[in-house]
Amino acid sequence: MTKHPDFDLPALVALRRDLHAHPELGFEEHRTAALVAERLRALGLEVTTGIAGTGVVGTLRGTGRAIGLRADMDALAMPESSGKPWASTVPGQMHACGHDGHTSMLLGAAEVLAAAPPGITVHFIFQPAEEGRGGAKAMVEAGLFQQFPCDMVFGLHNMPGLACDEMAVVPGPQLASSDSWTLTLRGEGTHGAKPHLGRDPIPAAGMFLAGLQTVTGRIVDPLQPAVVSACSLRAGDPKALNVIPDVVEIGGTARAYTPQVRDQLEEGIGRLAHGIAAAQGLEAEFTFIRRIPPVVNEASATQVALAAARRALPKVRTEFPPSTAGDDFAFFAGEAPGCYVWLGNGPAQDGALHHNTGYDFNDAALPSGVAFWVALAREAAS
Ligand SMILES: [Zn+2]
Ligand SMILES: [Zn+2]
């Protein structure tokens, strides 16, 4: 049986649903951050607001080591179709990734730990803008770890498919790097009937796209996961089918679990782009934008998280496939030994997974998440 620490579960469910009904996008989490700060202050914690805009840290002061526990607060720019009574009240915005649950669980843990402190210092870190807007990086650059030094840092994400009293705590890679790339192939536009009078970038774009998967298939070690996808392609005008355009613009994503493979993807895509452009007499502008490093669980932090999960929950997996999604928790884990864990969200409701318009955090997971965070603080203190 799951051991639930002593906290007000109905109040926490109400809070989670209130956050769900009032989603806010990255760096716009003003209502959420104010609510978080107010709750932390009511618990008697030291509260620092306005870190990288809307970031909040609540500190429970102790002695010895200090740990950081991270929850993300932001929602996504998409409509909600869940039909739940607590569905989004904001058109075009919704909590489709369960960050409403993450914020609630960390507040629940703060409530329990404030009443029965673990002895060490715990920084409850409420992060803005996890969904691609760079909240973690902005907090690190704002001096988060200078102001709140941490010996270890932990993140948690809900995961449909695992039971609500189940966690996965796994050493090594958890989430991929998430980088963007763009390519502009520039030639010289001309009449569609007289291609010899210009330099056509369209066939070169075709060659580039056809060759793109050789970067993962021929350059990267087959035993190392890697993904390269072209996700945007723009050229010409469908209303001008006798005009060869000057320019083709292509863009996409690249994912890897090690710095070495990340380098190989940047170099491989760039070489392909420049090589094809040179062969076709075109100019190529290639940019590779490093957005988020991979999340790789550090051994000692993972040991602490695993012991805590086993203390708190009946079912703990130590094997679970890594995700090709990214999480900017990676920037926190770059500053202190870090561990990122998965908490079950129950079976996918109507097939709705993360970032689906029907997704909803499962309130049945709230006690598990609180129990884990509390056990983690106690484990780190022991
Ligand atoms: Zn997400
Ligand atoms: Zn998320």
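**A walk through the cysteines, the zinc site and the sheets**

Hi everyone, let's begin with the cysteines: counting sulfur pairs within 2.5 Å, we get zero disulfides. Cysteine 150, for instance, is in no disulfide, and the nearest cysteine sulfur, that of cysteine 339, is 14 Å away. Cysteine 164 is also in no disulfide; for that residue the nearest cysteine sulfur belongs to cysteine 97, 16 Å away. Please keep in mind that this is a predicted model. As for their surroundings, cysteine 150 is buried, with a relative accessible area of 12%, and cysteine 164 is buried as well, at 14%.

Cysteine 97 takes us to the metal site. Which residues coordinate the zinc ion (ligand 2)? They are Cys97 through SG, His99 through NE2 and His157 through NE2, at 2.1 to 2.3 Å. Along the sequence, these donors are spaced C-x1-H-x57-H. Cysteine 97 has a bridging role here: it joins the zinc ion (ligand 2) and the zinc ion (ligand 1), which lie 3.1 Å apart. Now look at where the two histidines sit. Histidine 99 lies in helix 3, residues 99-115, while histidine 157 lies in strand 5, residues 152-159, so the pair ties together parts that are 58 residues apart in sequence. Are these histidines buried or exposed? Histidine 99 counts as buried, at 0% relative accessibility, and histidine 157 is buried too, with a relative accessible area of 6%.

Next, please find strand 3, residues 66-72. Seven of its seven residues are buried. In a regular strand, side chains alternate between the two faces of the sheet. On strand 3, one side carries Ala66, Gly68, Arg70 and Asp72, the other carries Ile67, Leu69 and Ala71, and both of those faces are covered. Its neighbour is strand 4, residues 121-127; the two run parallel and are joined by seven bridges. If you want one pair to click on, isoleucine 67 has valine 122 in strand 4 as its bridge partner.

Let's move on to another sheet. This one is open, has four strands in the order 10-12-8-13, and pairs in the antiparallel sense. Strands 10 and 13 stand at the edges with a single partner strand each, so one side of each is left without a neighbour in the sheet. From one strand to the next, the twist averages 15°. Within this sheet, strand 8 and strand 13 are held in antiparallel pairing by eight bridges. One example is threonine 182, whose bridge partner in strand 13 is threonine 287. Helix 6 packs on the sheet, where it touches strand 8, strand 10 and strand 12, and its direction makes about 170° with that of strand 10.

Helix 7 belongs in this picture too. It lies across strand 8, strand 10, strand 12 and strand 13, running at about 165° to strand 13. How far apart are the end C-alpha atoms of helix 7? They are 30 Å apart, which agrees with the 30 Å that its 21 residues, 259-279, should span at 1.5 Å a residue. Its buried residues include Val261, Leu265, Ile269, Leu272 and Ile276. An α-helix has 3.6 residues a turn, so residues three or four places apart point the same way. Among the elements covering the buried residues of helix 7 are helix 6, strand 8 and strand 13. After helix 7 comes glycine 281, with a positive phi near 70°.

That's my tour; thanks for listening!

Definitions and conventions. Residues are numbered from 1 along each chain as its sequence is written. Chains are lettered from A and ligands numbered from 1 in the order in which they are written. This is a predicted model: local features need pLDDT of at least 70, side-chain atom pairs count only at pLDDT 80 or more; totals for chains, interfaces and linings use all residues. Side-chain values use heavy atoms; hydrogens and water are left out. Buried means under 20% relative accessible area, exposed over 50%, partly exposed in between (1.4 Å probe, protein chains only). Donors are N, O and S atoms within 2.8 Å of the metal (3.2 Å for Na, K and Ca); water is not among the atoms, so sites may look incomplete. The expected span of a helix is 1.5 Å times one less than its number of residues. Contact means heavy atoms within 4.5 Å. Two strands pair if DSSP finds at least two bridges between them. Axes are lines fitted to C-alpha atoms, for helices over the stretch in contact, and angles run from 0 to 180 degrees between N-to-C directions.
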